[in-house]
Every structure is written in structure tokens, then in C-alpha cells.
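Thank you all for coming; I would like to take a few minutes on how some helices pack in this model, and then on what surrounds the ligand. Please have the sequence and the structure open while I talk.

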Amino acid sequence: MRAILPADPSHPTPIVGELPDPIPEPGEVLVAVEAAGLNHADLHQMRGHYPPPAGESDVPGLECAGVVLEGEKGSPWQPGTRVMALVGGGAQATRAAIPVGQLMPLPDNLSFIEGAAIPEAALTAWVNLVVEGGLQTGETVLVTGATGGMGSFTVQLARELGARVLAAGRSRERLELLRDLGIDEVCLEGANLAGQVKEATNGRGADLVIDYTAGPDFGSHLAALAPRGRLVVIGTVGSRRAEVDLGLILSRRLKVVGSLLRARPREEKARLTEGFAAFALPRLLDGRLRPVIDRVFPLERAAEAYKALGQGGAFGKIILATA
Ligand SMILES: NC(=O)c1ccc[n+]([C@@H]2O[C@H](COP(=O)([O-])OP(=O)(O)OC[C@H]3O[C@@H](n4cnc5c(N)ncnc54)[C@H](OP(=O)(O)O)[C@@H]3O)[C@@H](O)[C@H]2O)c1
């Protein structure tokens, strides 16, 4: 198969080459990958900072879409089925062995490129809104880094879960583009973020913050919360360091939770995939939920794609076309 070769810290840009096809273990199917999503985790892995969990492929790539080549007896995953999937590694290749519990049918109205943009953003949004964040219908959620690959799907899923959605970012112009995805208000990062959120919530603040950026803005993300509000830290594109007023956490009785998707066991990923698919597949089919794609690169130009994600400025996901 063609694949991005496993990370070599002495050469931190991705190299495409030939590797043997993966051999599926029991409970896995072999998929001909047509497209794979790109994530910050891949950039970290390429630099030697984020190895795959034990038992997962050391080829980069956490999500893909394609066609089942070798199915599993008695399962719905038979040769020729169009699928999309979250994986612990191995997606940025022309073949991947994928646990059956992490496969989802690719809705007929979506291309492979669109399908590859869904699993990581969708499952990250689902686990953090529903499981970690405990989002309830009618609550207000603030999503930071809302224009990014994760954020642009999270705002839609939050809306479909019945929340009022505030989108935060550094550029009003970019945030305004999210209005098409059904957000209620835009909030600019900076000293007055909490003030804008209060104004949008009759002085109350957000019930939940889904934080993809953290860093120097983390304090204002906390300050945007209502009493007893929850904040889930998912990403640190802003920086891993932050200064926090612990008095705010105490006096408002806030909950701050950290969350990682990739490290979760396969059984948990299968449960999350099942829950997400039941809720979201009908909504993907009728267009209430849609992947947001910034750019597509052929696999052979993976180095440019990695560079583009690292530079920032994408609106939605960057995808590698593998076929
Ligand atoms: N914990 C998990 O399980 C998990 C899963 C998936 C992703 N993640 C993490 O989630 C984060 C977001 O991923 P993504 O794929 O959405 O990334 P992305 O596509 O690069 O989007 C990040 C967004 O954050 C904003 N941003 C970029 N640099 C920033 C900075 N220095 N300070 C403040 N804001 C900045 C940008 O929006 P504006 O330019 O519009 O402000 C950008 O659209 C990453 O850190 C990723 O590793 C974690």
C-alpha cells in the first residue's frame, strides 16, 4: 500500500512510501481508503511527541472514508460497503485495518472526501458535548476555536442537541462565516470575551465551554461561565500554559474537565460511535449536519497538507485524498 511512513523524529515532515498491507485481526475489516482527515495529533506524532496507543498502527491518521475490501462474517460490513471510521492510527494510507465497532456507514449523499472530514470532529464533539460536558437542551454552549476542523462541526452538533451556540475566535470575519452553520452569536477572543458572553445570555454566562484553544485566553473562557458551569479542555492550540483565577472556580462552583479521545479503549470508542451514529446519521443524510472542508491535498503532497495545518488559518478540515 501507499502510506505516510511511520514517524522518524530526525525527519519531522511526512514521507509517502510503500508498506505491506495491514492484516486485519479478528473483529477488524480491511478498508480501501479513499480519503483521510488531517489532525494536529498527526503533526505531533510526526515530531515524535504523540506515539499511537499500544496495539494501534504507527502509520499516522485518525480518520478515513473508503470501501470495505474484506468484511467480517455475520456483520453488516461486507465487501463494497462505503464506510467512514475513527481509528487509533493508520488512516493515512491506501489500506487500513479497522475495528468493526468504529465503522459507520457513509451516507449516500456524501463523498469520500466529505466522509473523511467527519469521524474525528464528530466523535470529539459528541464525547465532549454529551458525555463530558453533560449538555442539556436549552443550555448555552461557548465553543472556542470555532472556525477550525473540530469547532465547525461542534457548533452544528451543539445546535442539533438543542443548545444555544456561541462561537469564539480571533477574527470576526471568519466567525461570521459560521452563521450559515446555525450559530446564534459570535464572540471575539480578548479581555472582553466574558462581557460579550454575558451580554448574549442576559448576564448569566455560558453553561458549558468546549475549549479547543485554552492558552492565554483560558482565564477569560472560565470567566464566561455561569455559576455551576462546566468547561472541557480538549485542545491547546493557544498554548499549554495559562494563568487561572482559582477564586473564580471556587466562587462559581465551576467544573473543569480534561478530555482525550484517542487514548480511550476500543470498546469505549465503539459505544461512542454507536451513540453518535444513531443521533447523527439521519442528520448527515438530510444535510442538517455537514462536514466543513477547507482544502484537499493528494496523499503524495502530504508534506504541504501538514504544513498548511501547522500554519493555521484553515476554515474547517484539511483532507488527504489517497485514491
Ligand atoms: N482532546 C482530544 O481528544 C482532541 C481531539 C481532536 C482535536 N483535539 C485538539 O483540538 C484542537 C483544535 O483542533 P482543530 O483540528 O479544530 O484545529 P484547527 O483546525 O487548527 O482549528 C483551531 C482553531 O483555533 C484557532 N486558533 C489557532 N491558533 C490559535 C492560537 N494561537 N490562539 C487561539 N486560537 C487559535 C483558529 O481559529 P481563529 O483563527 O478563527 O481564531 C483555528 O480555527 C487541537 O489542539 C487538537 O489537537 C483534541
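Helices H3 and H9 are roughly perpendicular to each other, a label that covers angles of 65 to 115 degrees. Helix H3 spans residues 119–132 and helix H9 residues 266–285, and the two pack at about 95° with their axes 10 Å apart; here helices are DSSP runs (H or I, at least four residues) numbered from the N terminus, and axes are lines fitted to C-alpha atoms over the stretch in contact, with angles running from 0 to 180 degrees between N-to-C directions. On the H3 side the contact, meaning heavy atoms within 4.5 Å, involves Ala 122, Leu 123, Trp 126, Val 127 and Val 131, and on the H9 side Leu 272, Thr 273, Gly 275, Phe 276 and Phe 279. Eight of these residues are nonpolar, two are polar and none is charged, where Ala, Val, Leu, Ile, Met, Phe, Trp, Tyr, Cys and Pro count as nonpolar, Asp, Glu, Lys and Arg as charged, and the others, Gly among them, as polar.

I should say that this is a predicted model, in which local features need pLDDT of at least 70 and side-chain atom pairs pLDDT 80 or more, while totals for chains, interfaces and linings use all residues. Residues are numbered from 1 along each chain as its sequence is written, and side-chain values use heavy atoms, without hydrogens and water.

Helix H4, residues 151–160, packs on H9 at about 100°, with the axes 12 Å apart, which makes H4 roughly perpendicular to H9. Phe 153, Leu 157 and Glu 160 of H4 meet Phe 276, Phe 279, Arg 283 and Leu 284 of H9, and this contact has five nonpolar, no polar and two charged residues.

Turning to the ligand, which residues come nearest? Of the 21 around the ligand (a heavy atom within 4 Å), they are His 40, Thr 147, Met 150, Ser 259 and Leu 261. A polar side-chain atom of His 40 lies 2.8 Å from a ligand oxygen atom, and a backbone N or O atom of Leu 261 lies 2.7 Å from an oxygen atom of the ligand.

Conventions:
Parallel < 35°, antiparallel > 145°, perpendicular 65-115°, else oblique. Polar contact = N/O pair within 3.5 Å; in protein donor to acceptor, adjacent residues only side chain to side chain.
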